[in-house]
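Here are a few exercises to try with the model open on your screen. Have a go at each task before you read its solution.

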Amino acid sequence: MKSTIARPEILSSRFHNDANLYGALYRLFNKLDAKHDVPIDLDNLLVNAGR
C-alpha cells in the first residue's frame, strides 16, 4: 500500500494570509465583469499594487 500512495507536497500560498481577501476581490470582479462586460486582469492588478 505504501508504494501506491504518493506523499503530498505542501507549499505556502502565493498570497499568504491575504488569500481570503483576494478570493473575495476576485469574486467581486467576476460579478462586475459579468454585469459590465469588461475583463479584469487580477494578476496585473496585484503586480501594480506592489504584490
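**Exercise 1.** Find the helix in which Leu32 lies, then work out which nonpolar surface patch includes Leu32.

*Solution.* Start with the helix: Leu32 lies in H1, which covers residues 19-36. Keep in mind that this is a predicted model. Next, check how open the residue is. Leu32 has 32% relative accessibility, so it counts as partly exposed. That value also passes the patch cut-off of over 30% relative accessible area. Finally, look for its partners: Leu25 and Leu28 join Leu32 in a nonpolar patch on the surface, and together the three have about 210 Å² of accessible area.

**Exercise 2.** Search the whole structure for aromatic pairs and say how the rings are arranged.

*Solution.* The search turns up 1 aromatic pair. Its members are Phe15 and Tyr22, with 4.6 Å from centre to centre and 40° between the planes. Stacked needs planes under 30 degrees apart and edge-to-face needs over 60, so an angle between those limits counts as tilted. The Phe15–Tyr22 pair is therefore tilted. Now for the cover: Tyr22 is buried because its relative accessibility is 12%, whereas Phe15, at 23%, counts as partly exposed.

**Exercise 3.** What is the sign of phi at His16, and is the residue buried or exposed?

*Solution.* Begin with the expectation: most residues other than glycine have a negative phi. His16 isn't a glycine, yet it has a positive phi of about 50°. Then place it: His16 sits in the segment before H1. Last, its relative accessible area is 53%, so His16 is exposed.

**Exercise 4.** How many helices and strands does the protein have, and what share of its residues is buried?

*Solution.* Count the elements: 2 helices and 0 strands. Then take the burial: 8% of the 51 residues are buried. As for the surface, the protein exposes about 5000 Å², with 56% of that supplied by carbon and sulfur atoms.

Conventions
Residues numbered from 1 in each chain as written. Predicted model: local features only at pLDDT ≥ 70, side-chain atom pairs only at ≥ 80, totals over all residues. Heavy atoms only, no water. Phe/Tyr/Trp six-rings, centres within 6.5 Å; stacked < 30°, edge-to-face > 60°. Buried < 20%, exposed > 50% of the residue type's maximum accessible area, 1.4 Å probe, protein only. Patch = residues over 30% accessible without salt bridge, like charges linked within 9 Å, V, L, I, M, F, W, Y side chains within 5 Å. Areas by Shrake-Rupley, 256 points an atom, 1.4 Å probe, with all protein chains shown as cover. Salt bridge = Lys/Arg side-chain N within 4 Å of Asp/Glu carboxyl O. Helix = DSSP H or I, 4+ residues; strand = E, 2+ residues; numbered from the N terminus.
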